[in-house]
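Welcome! Here are a few short exercises, each followed by a worked solution. Take a look at the structure first, then try each task before reading on.

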Amino acid sequence: MWKETTPEELNRNAFQMIGKDWLLVTAGTESSCNTMTASWGGAGVMWGKDVLYLVIRPQRYTKEFIDREERLSVCVLPETYRSVYGYLGRVSGRDEDKISKSGLTTAFTQGVPFFEEASVVFVCRKLFAQPYEADSFLDSSIIEKCYPDKDYHTLYICEIEKVLTKE
C-alpha cells in the first residue's frame, strides 16, 4: 500500500539514495514508457520549490521520453533489486522491451509511470532544462574524466509534486 508524504517528512539521505542506492528515472505514457538507471543528481530547493536535479546524457533513449513529457518519476528500489538497476542501465529500450524483461511492474499515478517494487517514488514536473557546455566547466579535468566523448549531460530541474512511500 502506498502512502503519500512530503519531501520534508521523508526520512532518507539524498546522498545515499542517489549515489549509493541509485535511481530509476522513468517517463512516458501508459502506451509507451522507458526508464534508465541514474546515480548522479541532487535534491534541494529552487525557486521556492522542492526539486530534484537530474542529468541525462543525449544518447539515452529515456531522454526522448523526458523531453516529450511534462512529468516523470524517480524511483528508489530496495537493495535486493541491484541487479535490475545494472540491467536497466546496460540495455537500451531502443533495442528491447527492457522494462518487461526486468520483471518490474509498471504502475501509473497522474498518468506518470513508476514501479510498484519501489520503496520511494518521486513524481516530478520539469521546470528547467539546459545542456551542459564545455566552456561552463571551471575545472577542465571533469571534461577529461567524465566527458571524453563530449556527450555532455542536460540538466533538468524538476519540482517534486508527490512523494510515495510503501506502508
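**Exercise 1. Compare the radius of gyration of the protein with that of a compact globule.**

Solution. Keep in mind that this is a predicted model.
- Step 1: start from the length, 167 residues, for which a compact globule would have a radius of gyration near 15 Å.
- Step 2: take the value for the protein, which is 15 Å, so the two agree.
- Step 3: add the extents; the C-alpha trace spans about 45 × 40 × 30 Å along its principal axes.

**Exercise 2. Describe how the chain is built and how it contacts itself.**

Solution.
- Step 1: list the elements, 5 helices and 10 strands.
- Step 2: consider contacts with a separation of 6 or more; 71% of them involve residues 24 or more positions apart.
- Step 3: turn to burial, where 45% of the 167 residues count as buried.

**Exercise 3. Work out the surroundings of Thr 62: is this residue buried or exposed?**

Solution.
- Step 1: locate Thr 62 in helix H2, which covers residues 61-68.
- Step 2: check its relative accessible area, 1%. Buried means under 20%, so Thr 62 is buried.
- Step 3: find its contacts beyond neighbours within four places in sequence: Val 25, Asn 34, Thr 35 and Met 36.
- Step 4: look at Asn 34 again, since its side chain forms a polar contact of 2.7 Å with the side chain of Thr 62.

**Exercise 4. Describe the surface and the charges.**

Solution.
- Step 1: the protein exposes about 8800 Å², with carbon and sulfur atoms supplying 50% of that area.
- Step 2: there are 20 positive and 25 negative side chains, and the centres of these two sets are 2 Å apart.

Terms used. Residues are numbered from 1 along each chain as its sequence is written. This is a predicted model: local features need pLDDT of at least 70, side-chain atom pairs count only at pLDDT 80 or more; totals for chains, interfaces and linings use all residues. Side-chain values use heavy atoms; hydrogens and water are left out. Helices (H or I, at least four residues) and strands (E, at least two) are DSSP runs, numbered from the N terminus. The radius of gyration is taken over C-alpha atoms; the globule rule is 2.2 Å times the number of residues to the power 0.38. Buried means under 20% relative accessible area, exposed over 50%, partly exposed in between (1.4 Å probe, protein chains only). Contact means heavy atoms within 4.5 Å. Accessible areas come from the Shrake-Rupley method with a 1.4 Å probe; for residues, only the protein chains shown count as cover. Lys and Arg count as positive and Asp and Glu as negative; His and the chain ends are not counted. The place of a charge is taken as NZ of Lys, CZ of Arg, CG of Asp or CD of Glu. A polar contact is a pair of N or O atoms within 3.5 Å; within protein, one must be able to donate a hydrogen and the other to accept it, and residues adjacent in sequence count only if both atoms are side-chain atoms.
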